[in-house]
Amino acid sequence: MAICGRRSRSKFILYVLGAFVLGYLVFHRNTKSDVGLASRREVPVEQRENVDEDFLKKPVYEKPPVDVNALGEMGRAVKLDLTEKEKREEEESIKKHQINTYLSDKISLHRRLPERWNPLCRNLKYDYLSLPTTSVVIAFYNEAWSTLLRTVHSVLETSPDLLLTEVILVDDYSDRDHLKEPLENYIANIKKVRLIRATKREGLVRARLLGASIATGDVLTFLDCHCECHEGWLEPLLQRIKDEPSAVVCPVIDVIDWNTFEFLGNPGEPQIGGFDWRLVFTWHAIPEHEQKRRSSATDVVRSPTMAGGLFAVDKKYFLYLGTYDTGMEVWGGENLEFSFRIWQCGGTLEIHPCSHVGHVFPKKAPYSRNKALANSVRAAEVWMDEFKEVYYHRSPHARLEAYGDVTDRRKLRMRLRCKDFKWFLENIYPDIQVPEDRPGMFGMLKSKGKANYCFDYNPPDDHNMAGHRVILYPCHGMGQNQFFEYSTLQEIRYNTRDPAGCIVADPVSTFLTMQHCSKPREPVPEDQKFIFREDGSLYHVQSQKCIEAVDRTDNGNPGPALRSCSDSDSQKWFFEERT
Ligand SMILES: [Mn+2]
């Protein structure tokens with residue numbers, strides 16, 4: 001096991017001790033199981049396989065008999081016929097939770113999901129008796145009753161009793177009444193569910209650690225508090241961790257619609273995680289080099305980053321890695337910090353295509369994320385080395401953020417002899433484009449003639465960057481939509497996001513729009529080439545015109561546009577990092 005070599009002697013002893021305890025538990029589990037199981041173990045392997053498997057994968061609770069006509073059964077979308085009054089209640093519930101909990105309350109807490117994994121996953125066999133056990137940790141804050149309890153029942157009804165030690169609910173100091181006594185009373189009658197409460201608001205990171213601190217399973221499996229597990233979701237995670245204890249394994253996160261509760265799982269290849277240079281998490285298709293590394297569609301997929309909420313990790317390895325950065329507040333950014341740490345410190349971060357868990361993505365973030373910035377800065381300060389500048393250039397206000405003390409986290413990095421961020425980029429995320437950020441060639445692109453106006457670009461939406469027009473807007477110095485970089489390939493790049501955008505000038509309309517940049521090593525299209533000349537002019541090579549700050553374009557608003565080149569200040573531009 002790779003992790004042993006790096007441990008101190010005392011840790012090694014602890015490990016041996018742990019292995020002993022584990023051995024005892026496996027032994028104990030086998031002996032305390034009923035006689036049927038013990039005698040089946042005498043049956044030759046070929047004959048016992050099928051008999052045994054059903055028995056061994058028996059969940060903690062069986063789902064009640066299916067009622068195909070029940071609302072939302074088999075993950076179907078629900079559309080309710082509501083009176084005006086009911087509609088108002090529904091609206092209220094959406095306002096409160098950013099999830100249609102009015103509708104969720106009408107769906108069975110035990111509903112089934114349709115089978116939406118790669119059919120090959122059904123053929124995978126597990127040696128149940130040798131798999132590690134797990135504690136499922138679910139932290140919540142003011143979660144609605146039905147979404148929380150559907151998560152709990154779903155875990156109990158899809159996880160083999162043999163492998164699930166417990167479900168640990170961590171209440172992060174909620175103030176809603178239904179999460180007080182009613183919740184305690186409800187779970188008092190359910191096997192294997194424990195509830196602990198924080199005594200003040202801790203945030204996701206510390207709440208999860210609170211749960212982890214009382215967990216007794218071999219593996220920690222973290223789930224969000226509005227999930228539904230697909231059949232067979234747990235075994236692949238545990239099998240992988242058994243095979244490779246330094247693997248941190250995420251399930252495929254399937255979408256459950258926040259408004260209809262439709263389960264949108266899909267059996268195709270999963271997407272993997274990345275990030276852009278604002279340190280925002282992004283999704284990507286599996287790159288070619290990774291596809292080549294895999295030999296089957298049921299093999300794990302390596303992912304540079306994780307989305308955050310859902311993963312399984314060997315408890316001892318999680319401790320070795322330094323668990324979470326407890327200096328992080330509420331949520332946001334902790335997922336990238338953990339991802340960087342896993343890879344840089346010798347682990348692997350993977351997605352198992354046979355483990356599917358549905359997650360209700362809320363309409364928008366239900367509570368404040370204003371601490372996410374400090375969390376990102378902590379991640380950058382500890383793990384990104386000189387590349388943190390690329391982040392700061394695009395989020396200049398992050399430099400001013402009070403992010404607390406990271407001394408201990410840096411010591412952890414030293415102690416574990418973690419690799420640097422350059423290694424991470426080159427080996428784990430070679431597809432990300434690293435900006436050049438040459439001095440004086442990035443930041444706000446300001447007009448000399450039209451004082452305090454800057455290039456500004458607002459993409460159509462989070463997933464689609466291209467297509468809109470570039471405008472001029474009062475400079476705000478916050479990076480983001482006003483961040484551009486002039487590259488050695490003569491592009492004006494909009495690379496706060498990944499993949500990056502490049503400005504395209506159209507000599508007919510005269511406007512500037514945004515398109516995707518050419519791929520690395522492919523030629524830059526002619527209409528994306530500008531020469532940033534000594535005198536500050538931006539010369540468009542294809543049209544032989546210059547970019548001018550125009551007060552009123554055809555829609556009445558200021559914008560950059562192509563004009564015949566002149567010596568006017570309205571055709572002079574300069575970069576500035578901050579206001
Ligand atoms: Mn969530």
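This is a dialogue on how to read some features of a predicted model.

Student: Where should I begin, and what pLDDT does the protein average?

Tutor: Begin with the predictor's confidence in each residue, which is what pLDDT gives. Here the protein averages 91, and 90% of the residues score at least 70. Residues 1-43 are another matter: pLDDT stays under 50 over that stretch, for which the model has 24 contacts beyond four places in sequence.

Student: What radius of gyration does the protein have, and what would a compact globule have?

Tutor: The protein has 27 Å, and a compact globule with 579 residues would have a radius of gyration near 25 Å, so the value agrees. Along the principal axes, the C-alpha atoms fill a box of roughly 95 × 65 × 50 Å. As for content, there are 16 helices and 23 strands, and 42% of the 579 residues count as buried. Of the contacts with a separation of 6 or more, 76% are between residues 24 or more positions apart.

Student: How do I read a sheet? In what order do the strands β19 to β22 stand?

Tutor: Strands of a sheet pair through backbone hydrogen bonds, either parallel or antiparallel. In this case 4 strands form an open sheet, ordered β19-β20-β21-β22, with antiparallel pairing. At the edges are β19 (530-532) and β22 (559-563); each has a single partner strand, so one side of each has no neighbour in the sheet. On average, neighbouring strands here are turned by 35 degrees against each other, direction ignored.

Student: How many bridges join β19 to β20?

Tutor: There are 3 bridges between β19 and β20 (residues 538-540), and the two run antiparallel. Within this pair, F530 has H540 of β20 opposite.

Student: How many residues of strand β4 are buried?

Tutor: Burial is judged by counting other C-beta atoms within 10 Å, and 20 or more make a residue buried. In β4 (residues 219-223), 5 of the 5 residues are buried, so the strand is largely enclosed by the rest of the structure. V219, T221 and L223 point one way, while L220 and F222 point the other way, and all are buried.

Student: In which sense do β1 and β4 pair?

Tutor: Strand β1 (residues 134-140) pairs with β4 in the parallel sense over 5 bridges, and S135 stands opposite L220 of β4. With β10, by contrast, β4 runs antiparallel, joined by 4 bridges; there T221 faces A312 of β10.

Student: Is V313 buried or exposed?

Tutor: V313 lies in β10 (residues 311-314) and counts as buried, because it has 28 C-beta neighbours inside 10 Å. Leaving out residues up to four places away in sequence, V313 touches V219, L220, V248 and F318. P459, 146 residues from V313 in sequence, is 37 Å away from V313, C-alpha to C-alpha.

Student: Which backbone details should I check, and where is P499 found?

Tutor: Look at omega and phi. The D498 to P499 peptide bond is cis, with omega near 5 degrees, and P499 sits in the loop between β16 (492-494) and β17 (501-505). T323 is not a glycine, yet has a positive phi of about 40 degrees. The loop holding T323 runs between α11 (315-320) and α12 (334-344), and T323 is partly exposed, with 19 other C-beta atoms within 10 Å.

Student: What phi does R417 have?

Tutor: R417 has a positive phi of about 50 degrees and is not a glycine. R417 is in the loop between α15 (407-415) and α16 (421-427). With 10 C-beta neighbours inside 10 Å, R417 counts as exposed.

Notes: Residues are numbered from 1 along each chain as its sequence is written. This is a predicted model: local features need pLDDT of at least 70, side-chain atom pairs count only at pLDDT 80 or more; totals for chains, interfaces and linings use all residues. Two strands pair if DSSP finds at least two bridges between them. Axes are lines fitted to C-alpha atoms, for helices over the stretch in contact, and angles run from 0 to 180 degrees between N-to-C directions. pLDDT is the predictor's confidence in each residue, from 0 to 100. Two residues are in contact if their C-beta atoms, placed from the backbone, lie within 7 Å. A residue is buried if 20 or more other C-beta atoms lie within 10 Å of its own, exposed if 12 or fewer, and partly exposed in between; C-beta atoms are placed from the backbone. The radius of gyration is taken over C-alpha atoms; the globule rule is 2.2 Å times the number of residues to the power 0.38.
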